[in-house]
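Reader: I would like to go through one model and learn how its features are read. Where do we begin?

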Amino acid sequence: VQLQACGGGVVQAGGSLRLSCAASGPTFGRSTLGWFRQALRNERDLIARANSGGWSNYTDSVKGRFTISRDNAKNTVDLQMNSLKLEDTAVYYCYADQGSRRYWGQGTLVTVSS
């Protein structure tokens with residue numbers, strides 16, 4: 001089982017980026033998928049997640065700016081990030097919960113510049 005994240009990069013404050021995460025291996029159609037991020041010297045924090053039934057939620061700091069979406073047929077989960085702020089700079093990790101196991105992507109760096 002592997003999760004491959006991509007889409008990170010450098011963007012100016014106020015700009016947008018779209019992260020994508022593709023899962024290979026068992027299908028995750030019934031799993032909760034989501035994204036964490038970890039800024040320098042900080043803990044890894046959950047920022048968005050979506051279950052298989054269409055429910056999603058976000059941490060307060062990204063509500064209204066980030067949108068999580070998933071394609072169960074393709075085993076992908078995306079994170080559309082708009083109105084990016086300097087404090088969004090972090091390594092972003094996708095994850096998938098399959099039963100009692102959590103699988104992680106390798107992380108993709110997002111740098112927001114002024």
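Reader: Which residues does Thr108 touch, not counting residues up to four places away in sequence?

Author: Contact here means heavy atoms within 4.5 Å. In this predicted model, Thr108 touches Ala5, Cys6, Gly7, Gly8, Leu19, Ala90, Val91 and Tyr92. One of these, Gly8, is also reached through its backbone nitrogen, at 3.1 Å from the side chain of Thr108.

Reader: Is Thr108 buried or exposed?

Author: Buried means under 20% relative accessible area. Thr108 has 10% relative accessibility, so it counts as buried. Across the protein, buried residues make up 39% of the 114 residues.

Reader: Where is the place of Thr108 among the strands?

Author: Thr108 lies in strand S11, which covers residues 108–113. The protein has 11 strands and zero helices, and its pattern along the sequence is β-β-β-β-β-β-β-β-β-β-β.

Reader: What share of the contacts with a separation of 6 or more comes from residues 24 or more positions apart?

Author: For the protein, that share is 54%.

Reader: How does the radius of gyration compare with that of a compact globule?

Author: The rule for a compact globule depends on the number of residues. For 114 residues it gives a value near 13 Å, and the protein has 13 Å, so the two agree. The C-alpha trace spans about 40 × 25 × 25 Å along its principal axes.

Reader: What can be said of the exposed area and the charges?

Author: About 6,200 Å² is exposed, with carbon and sulfur atoms supplying 46% of it. There are 13 positive and 8 negative side chains, and the centres of the two sets lie 4 Å apart.

Note on methods: Residues numbered from 1 in each chain as written. Predicted model: local features only at pLDDT ≥ 70, side-chain atom pairs only at ≥ 80, totals over all residues. Heavy atoms only, no water. Helix = DSSP H or I, 4+ residues; strand = E, 2+ residues; numbered from the N terminus. Buried < 20%, exposed > 50% of the residue type's maximum accessible area, 1.4 Å probe, protein only. Polar contact = N/O pair within 3.5 Å; in protein donor to acceptor, adjacent residues only side chain to side chain. Rg over C-alpha atoms; globule rule 2.2 N^0.38 Å. Areas by Shrake-Rupley, 256 points an atom, 1.4 Å probe, with all protein chains shown as cover. Lys, Arg positive; Asp, Glu negative; His and termini not counted. Charge placed at Lys NZ, Arg CZ, Asp CG, Glu CD.
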